[in-house]
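Biologist: I am new to this structure and would love a close look at a single part of it. Could you take me through the nonpolar core and what lies around it?

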Amino acid sequence: VGLYCLYRVQLSCRALFGQSSLVETGRFAVWALFIAVTAAVAFGVGVPMGSYNYSKNMRGIYDVQSLNAFVEVNPATMRGQELMDAGRVQFVSGANINLNLANGFKNTDIYCVAPITVNNAALASYDFWAVGKNCCSDQLADFRCGAYKSQEAKGGVRVTDDVDRDFYRLAVQQAQSAHAIKAIHPLFFEWTGDTHEQMLNDERAGYQFFLMGMMGHFLFQAVLVAIAVTCFTKSRFE
């Protein structure tokens with residue numbers, strides 16, 4: 001689109017000084033049509049792909065970056081209402097995922113939850129939950145999301161997607177009923193060893209998608225130009 005706009009500006013400037021007409025003729029008209037059509041295709045494909053990349057990879061990062069970061073959070077003494085603006089959280093030493101209280105809720109995808117506790121101690125309210133999609137069973141307490149195997153992992157990156165959070169709440173409600181526990185104000189986190197590194201990895205995925213799309217279109221456009229040059233040259237000598 002930018003290339004075609006530059007071409008039209010250049011053509012208008014030349015017409016202004018009497019060097020050409022605003023309306024192309026002959027082979028110039030064909031190339032102008034080619035640029036216009038391919039620019040329209042690039043715009044039509046680029047907008048939905050950019051929107052998908054933003055919603056899939058980048059929006060969550062921007063949402064978390066706009067929130068606060070907390071350290072030394074103790075799930076046994078703190079409540080979800082105290083950290084409603086938490087984006088990244090580093091829990092206290094001894095914090096872990098209680099896999100025995102895990103649960104999965106299935107709605108096409110399986111939404112998996114497991115409470116974050118301190119040394120698996122029983123809590124009055126389980127307000128901090130490690131979550132993930134399609135990394136558990138909806139029938140068994142077999143949570144396998146994020147860095148669940150790591151003994152060193154004490155970090156959480158907040159889940160900000162509204163649709164996902166609604167299903168995670170349903171999974172927590174099931175866990176409350178199944179295990180007779182309370183979760184007054186549950187907050188949902190991706191369990192990780194390094195919240196900063198996790199954010200960088202998520203951001204890198206968004207940039208990789210962008211670069212792959214840009215390079216893919218460049219190659220596609222190059223092929224179209226080569227085909228157009230071949231066809232226009234052949235028709236010129238016939």
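Modeller: Gladly! One term comes up early: a residue is called buried when its relative accessible area is under 20%. Please keep in mind that this is a predicted model. Ser-137, in the loop between β6 and β7 (155-158), has a relative accessible area of 18%, so Ser-137 counts as buried. Beyond its neighbours within four places in sequence, Ser-137 is in contact with Gly-104, Ile-110 and Asp-142.

Now to the core itself. The largest nonpolar core holds 24 residues, and those with the most contacts inside it are Leu-83, Val-89, Phe-91, Cys-112, Phe-128, Phe-143 and Trp-191. Two or more residues each come from β2 (86-91), β3 (95-97), β5 (109-118), β6 (128-133) and β8 (187-192). The largest share, five residues, belongs to β5.

Let's pause at Phe-91. Setting aside residues up to four places away in sequence, Phe-91 touches Glu-72, Val-73, Pro-75, Ile-116, Phe-128, Lys-154, Gly-156 and Trp-191. There is also a second, separate core of 17 residues, with Val-113, Tyr-126, Trp-129 and Val-131 among them.

Nonpolar residues appear on the surface too. Leu-33, Val-37, Val-41, Val-45, Met-49 and Phe-220 form a nonpolar patch there, with about 520 Å² of accessible area together. Helix α2 (residues 27-65) gives this patch its largest share, five residues. Val-37 sits in helix α2, and its relative accessibility is 46%, so Val-37 counts as partly exposed.

Terms used: Residues are numbered from 1 along each chain as its sequence is written. This is a predicted model: local features need pLDDT of at least 70, side-chain atom pairs count only at pLDDT 80 or more; totals for chains, interfaces and linings use all residues. Side-chain values use heavy atoms; hydrogens and water are left out. A nonpolar core is a set of buried Ala, Val, Leu, Ile, Met, Phe, Trp, Tyr and Cys residues joined through side-chain atoms within 4.5 Å. Buried means under 20% relative accessible area, exposed over 50%, partly exposed in between (1.4 Å probe, protein chains only). Helices (H or I, at least four residues) and strands (E, at least two) are DSSP runs, numbered from the N terminus. Contact means heavy atoms within 4.5 Å. Patches are made of residues with over 30% relative accessible area and no salt bridge: like charges are joined within 9 Å, nonpolar side chains (Val, Leu, Ile, Met, Phe, Trp, Tyr) within 5 Å. Accessible areas come from the Shrake-Rupley method with a 1.4 Å probe; for residues, only the protein chains shown count as cover. A salt bridge is a side-chain nitrogen of Lys or Arg within 4 Å of a carboxyl oxygen of Asp or Glu.
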